[in-house]
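Student: Please take a close look at one part of this model, the sheet of chain B and the helices around it, and then place it in relation to the rest.

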Amino acid sequence: MEEPNGTGPVLSGGVSPGTREKTTTETDSLVSPDRLWNVIVWNDPINLMSYVTFVFQKLFGYSIELATKLMLQVHNEGRSIVASVEREKAEYYVSRLHQYGLQATLEKQDA
Amino acid sequence: MMLKVSRRKDGTVAVSLNLYEALVLKSLPERIRRLLTDPDFSDRTVLRLFPRAYRDPAKDREYRRLLGEDLLRRKLAGVEAFEKSLRRMRVKQLRAEITVRAEDYDLWLGFVNDMRLVLGTELEIEEDDWSDDAFDASHPRAEDLALLHYLSWLEEELLQASGFPLPRITPPESPRDSGSGKGEGPADKST
């Protein structure tokens, strides 16, 4: 089991880039309010470093420094945890990352 | 004359290029639309445009059931936005100018990137295939390979007009990275 990245960013509650798409139910967050899900971006040989950095800034509102750091982590280590949020939000981020053409998955953070 | 991309004061982005290049771009929407019409999810290239979200197959199936349509719609919206702008391009002598509306920027950029993903997947691009020195004009798919390089350049230029800062890549760590230290330009490395 891959360990979550200790220095991975946790998205603060106040940041909500873009308009949220209609999601399914709200109950997930009620069932396990303390359970965070990691949004993971995976390396691929086609996407440009500059593009990935742009997406991280645009989607998450990250600074150029943080976006670059995460991008380099993807590039050098094969993957990076780019956000740790409740499940519904994690699914939303993954779907947006897919729209941008990045490979992204979500997985429950280790307890 | 070179490809030139610039952001105007009104937020639109002007893409100025040779007419021939513009006509090549004009032929691209059909390529993606064909893949997206009745998408074949056993096709590797289609799968690259619709990656999985969960490692667990059952969870992933459910995810695709709920969000697959949205992704497909988004990809098609990109095709449409790109197509529309190409139809409206202004031509003077052998130069063309395409205007990307501010609200279409992400879709347009996304389309160019999707086209790169399609080409890259079909060509089975590996991490080390990006050096310009290695370009082989006698490659059986040289045209698509050259197109991929061209679209990479176009994408880099578009990103410079994004309004967002670009990463400043530190000096090369390995021989493989040499030459792309500045992090800009058509030879920029993929991640």
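Tutor: What follows goes through the sheet of chain B, its helices, the enclosed space, and the sheet of chain A. The model is predicted, and every value below is computed from it.

The sheet of chain B is open and has four strands in the order β1-β2-β4-β3, with antiparallel pairing. At its edges stand β1(B) and β3(B), the latter covering residues 90-92. Each of these two has a single partner strand, so one side of each is left without a neighbour in the sheet. With direction ignored, neighbouring strands are turned by 20° against each other on average.

Take the β1(B) edge to begin with. Strand β1(B) covers residues 4-7 and strand β2(B) covers residues 13-18; the two run antiparallel and are joined by four bridges. One of the pairings sets Ser6(B) against Ala14(B), its bridge partner in β2(B). The hairpin of β1(B) and β2(B) has five residues between the strands, and there Gly11(B) takes a positive phi near 90°.

At the β3(B) edge, the partner is β4(B), residues 95-100, and the antiparallel pairing runs over three bridges. Here Arg90(B) stands opposite Glu97(B), a residue of β4(B). Helix α6(B), residues 142-160, packs on the sheet and touches β1(B) and β2(B). The direction of α6(B) makes about 150° with that of β2(B).

Next come two other helices of chain B. Helix α1(B), residues 19-26, and α4(B) have axes that come within 10 Å and cross at roughly 145°. The crossing of α1(B) past α4(B) is left-handed. From α1(B), the contact is made by Ala22(B), Leu25(B) and Lys26(B); from α4(B), the residues are Phe82(B), Leu86(B) and Arg87(B). By class, the residues of this contact are four nonpolar, no polar and two charged.

Helix α4(B) also takes part in enclosing a space. Searching the whole structure gives one cavity of 30 Å³ or more, and the largest cavity has a volume of about 60 Å³. Its lining includes Gln99(A) from chain A, together with Arg74(B), Lys75(B), Gly78(B), Asp106(B), Leu107(B), Gly110(B), Phe111(B) and Asp114(B). Two elements of chain B give two or more residues to this lining, α4 (57-87) and α5 (105-122). The most comes from α5(B), with five residues. The lining residues divide into two nonpolar, three polar and four charged.

For chain A, the sheet is again described as open, here with three strands in the order β2-β1-β3 and antiparallel pairing. The edge strands are β2(A), residues 79-85, and β3(A), residues 103-108. Each has a single partner strand, so one side of each is left without a neighbour in the sheet. The twist from one strand to the next averages 25°. Strand β1(A), residues 37-42, pairs with β3(A) over six bridges in the antiparallel sense, and Trp42(A) stands opposite Gln103(A) of β3(A). Helix α4(A), residues 87-99, packs on this sheet and touches β1, β2 and β3 of chain A. The direction of α4(A) makes about 170° with that of β3(A).

Notes: Residues numbered from 1 in each chain as written. Chains lettered and ligands numbered in written order. Predicted model: local features only at pLDDT ≥ 70, side-chain atom pairs only at ≥ 80, totals over all residues. Heavy atoms only, no water. 1 Å grid on protein atoms, 1.4 Å probe; cavity = no way out; pocket = protein on both sides within 12 Å on 5 of 7 lines; lining within 4 Å. Points joined across faces, edges and corners; volume = space filled by probe spheres on them. Nonpolar A, V, L, I, M, F, W, Y, C, P; charged D, E, K, R; others polar. Pairing = 2+ DSSP bridges. Axes fitted to C-alpha atoms, helices over the stretch in contact; angles between N-to-C directions. Contact = heavy atoms within 4.5 Å. Left-handed = near helix turned anticlockwise from the far one by under 90°.
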